[in-house]
Each structure stands twice: as structure tokens, then as C-alpha cells.
Amino acid sequence: VEPISLGLALAGVLTGYISYPRLYCLFAECCSQKRSLSREALQKDLDSKLFGQHLAKKVILNAVSGFISNPKPKKPLTLSLHGWTGTGKNFVSKIIAENIYEGGLNSDYVHLFVATLHFPHISNITLYKARAEFWNPSWMMLGLGFLCGGDQLQSWIRGNVSACARSIFIFDEMDKMHAGLIDAIKPYLDYYDNLDGVSYQKAIFIFLSNAGAERITDVALDFWRNGKQREEIKLRDMEPALVLVVLTSLANWSLPSAILARSPRLRGFWHSSLIDRNLIDYFVPFLPLEYKHLKMCIRVEMRARGYEVDEDIVSRVAEEMTFFPKEERVFSDKGCKTVFTKLDYYYDD
Ligand SMILES: Nc1ncnc2c1ncn2[C@@H]1O[C@H](COP(=O)(O)OP(=O)(O)OP(=O)(O)O)[C@@H](O)[C@H]1O
């Protein structure tokens, strides 16, 4: 082999080797290839897609873009989203995921847990938490290999973060999650440089719950009754409301774990153990949605289905929803959640 060709071949192999990850990432999703989150793009998405949530928009935009642009965060970002059903908590998590990973919720680096689906049996708490030779057919059907194989929740989180430091974990129905499992994830939310050789400081944990929804609604209703715009509601107006939920949690947290285990009702009060250690960075209130917001959701759905917006149908669908309080009918009791199925009735061709 002549020396020049050999040299060229070697150089080719070397360059290929050095740029292999980049080459590989052309064809597959890579952790390192996450989108460099653009504050402007996130803002645009939130402004155009999320209705009636001026507080959530502001907190999430600042929290997420600030965290991502920090090369050395001291702890993972932990967001706790609270509010009435159908007000956009899951929806916003999706927007965050899409702004960080091309695949959004389908990305290998974004993990969604639903407490009642993935951890349904309170009596199995030690099995979820600790290593066990445990097999549950319903989980198998759900494809949750990490639990079925007997691996523990902790080592699963550790595995995912070792594979990709910027992993996103979304825990839905957090208020229904058992305290023991919250204990299990607690160390990963803390200010440790690393735990057993893994650093969790770049990970993002998003907790969703309906806890505090009544208090948030009371504040929104007060504003409405006093003739004030909901956009005038400030975060500080909401804080006492959420603090009250926290205080309730502290009261319940002092109950022995055996009692908590036997009383699923008490499981809802999950915050205290995270709050008293300052592990939650932001509490994000989601306001209950009004009639005009439902109409906005319906229009979006009509366009998404390829229909011209028909204002008559928009109003009829919105009118079919139920509102509370009974006399004033201000807020939708299901948020935007069921408007889409109601729309089917008008387009069943
Ligand atoms: N504020 C909003 N702006 C725009 N669309 C919304 C909003 N809230 C809800 N939606 C629409 O309704 C759907 C259902 O809402 P979502 O699942 O986010 O509610 P949620 O707050 O997570 O409810 P739950 O507490 O029951 O889980 C969303 O996928 C979205 O299409």
C-alpha cells in the first residue's frame, strides 16, 4: 500500500472516530444533541399555545431558560405544577420537553410517570422502593420493564441520569403518590455534587398535582368577584394559598408511616418532606379556565383537525361544558380537558 493512501485512510478513520458521536447523532437521538433551548422559542410556544396562565408562563420561562443556560447548576431543577384538572399542567410539561428534545415526550431522555398507573398498589410500596423479585402482569402490559424486572425506582432514575445527565422526569398525580416513593427520589433532588458517582444536577424533575387547586381557585374567584382582571393576579397572591397546603402537609407528615400506609387519603399531602428541605425550586399555580379559554382551546382543535373555525360550533361546544360556582358559572370544571371529545359530535362524518 502506498504511504499517501495509507496516510489518507488512517486520517479518515481517525476523523471518523473523533466525529463518530456526531455522525451517530445524525441518525439517532442523542443526549448531547439536545436542542440548545432558545428562550425566545420557548416564550413563543408558551404565548401562542398556553391560554389563561400568565403566572405559569412567566415562572416556567424564567426557571427553565435560566436553568438550561447555567453550565453548573447546584441542584436539579424541580418544578411543582399545581392546579385544577384540564388547566394545562401536562400540556406545559410537553412544551418544555419539546423545547429541550426534538422528540418531546417521546424522547428517550424524557420519562413520564403516572402515580396511579405505575405505582398503583400501596401495599407493594416496599417492592416498588426496594429491590425485589417482583413481577406484575399489568405492568408488563404497560411495558414498564424497569419495575417488572424487579429493578428499583432509584436505580432506574440513576441509570437514566447516568446515560443522560439532562434527563427529564415528569411525575403526574404526585398527590396520589405514596410518601415512601417520594422518599426514594428525594436524594436526587438535593444539592449533592454526585451520588455514587452520578451527578443529578442537570436533570429536570417536574411534579404535577391537583393539590392546592381549591385555594388557587378561591384567589382567582376573589379577583373575578372584585371585578379585577385575572392577569392582575401576582405570584405573591397565590403564595399564601400554596403555603396553606404545605402547612396541612406538615401536620399530616407527622403521622406514623404505618397509618399513612393504611390511609390512602392522607397520601395526598406529599409536599412537606420536599419542602422542609427546600428541594422544590418553583411552585407553579395553574388558574382555573374560563369560558373564553375553552373557546380558544376549541378553535385550536378545529384547526388541528383541518376545519375552518366555525364560531357557532365553538360557542355551542363551550356552552355544553359545566362551570362553577353553580350560580356564577365562572370556571370550567374540567378545564379544556373534554372539549375535544365534545367536538366529535359535530364532526362525525
Ligand atoms: N391553559 C391551556 N391552554 C391551552 N390548552 C390547554 C390548556 N389547558 C388544557 N389545555 C388542553 O387540554 C388538554 C388537557 O390538559 P392537560 O392534560 O394539560 O391538563 P392537566 O392540568 O394536566 O389536567 P389533570 O390535572 O387532570 O392531569 C391539553 O392537552 C391541551 O390540549
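Biologist: How many residues line the largest pocket, and which lie nearest its centre?

Modeller: First, a caution: this is a predicted model. A lining residue has an atom within 4 Å of a pocket point. Here 23 residues line the largest pocket. Gly86, Thr87, Gly88, Phe91 and Cys336 lie nearest its centre.

Biologist: What is the volume of the largest pocket?

Modeller: The computed volume is about 620 Å³.

Biologist: Which elements give two or more residues to the lining?

Modeller: Two helices do: helix 5 (89-100) and helix 16 (291-304). Helix 16 gives the largest share, four residues.

Biologist: Which domains does the lining draw on?

Modeller: Domain 1 (39-286) and domain 2 (291-344) each supply at least three residues.

Biologist: How does the lining of the largest pocket split by class?

Modeller: Nine residues are nonpolar, seven are polar and seven are charged.

Biologist: Now the ligand. Which residues are the closest to it?

Modeller: A residue counts as near if one of its heavy atoms lies within 4 Å. By that test, 18 residues surround the ligand. Phe51, Thr85, Lys89, Asn90 and Lys337 are the closest.

Biologist: Where are polar contacts made with oxygen atoms of the ligand?

Modeller: Look for pairs of N or O atoms within 3.5 Å. Lysine 337 places a side-chain N or O atom 2.5 Å from a ligand oxygen. Glycine 86 uses a polar backbone atom, 2.8 Å from an oxygen of the ligand. For asparagine 210, a polar side-chain atom sits 3.0 Å from a ligand oxygen.

Biologist: How much of the ligand's area does the protein bury?

Modeller: The protein buries 85% of the 630 Å² that the ligand exposes when taken alone.

How values were computed. Residues are numbered from 1 along each chain as its sequence is written. This is a predicted model: local features need pLDDT of at least 70, side-chain atom pairs count only at pLDDT 80 or more; totals for chains, interfaces and linings use all residues. Side-chain values use heavy atoms; hydrogens and water are left out. On a 1 Å grid over the protein atoms alone, a cavity is a set of points where a 1.4 Å probe fits but cannot get out, and a pocket is an open set with protein on both sides within 12 Å along at least five of seven lines; lining residues have an atom within 4 Å of a point. Grid points are joined across faces, edges and corners, and a volume is the space filled by probe spheres set on the points. Ala, Val, Leu, Ile, Met, Phe, Trp, Tyr, Cys and Pro count as nonpolar, Asp, Glu, Lys and Arg as charged, and the others, Gly among them, as polar. Domain bounds come from an automatic or database domain assignment. A polar contact is a pair of N or O atoms within 3.5 Å; within protein, one must be able to donate a hydrogen and the other to accept it, and residues adjacent in sequence count only if both atoms are side-chain atoms. Accessible areas come from the Shrake-Rupley method with a 1.4 Å probe; for residues, only the protein chains shown count as cover.
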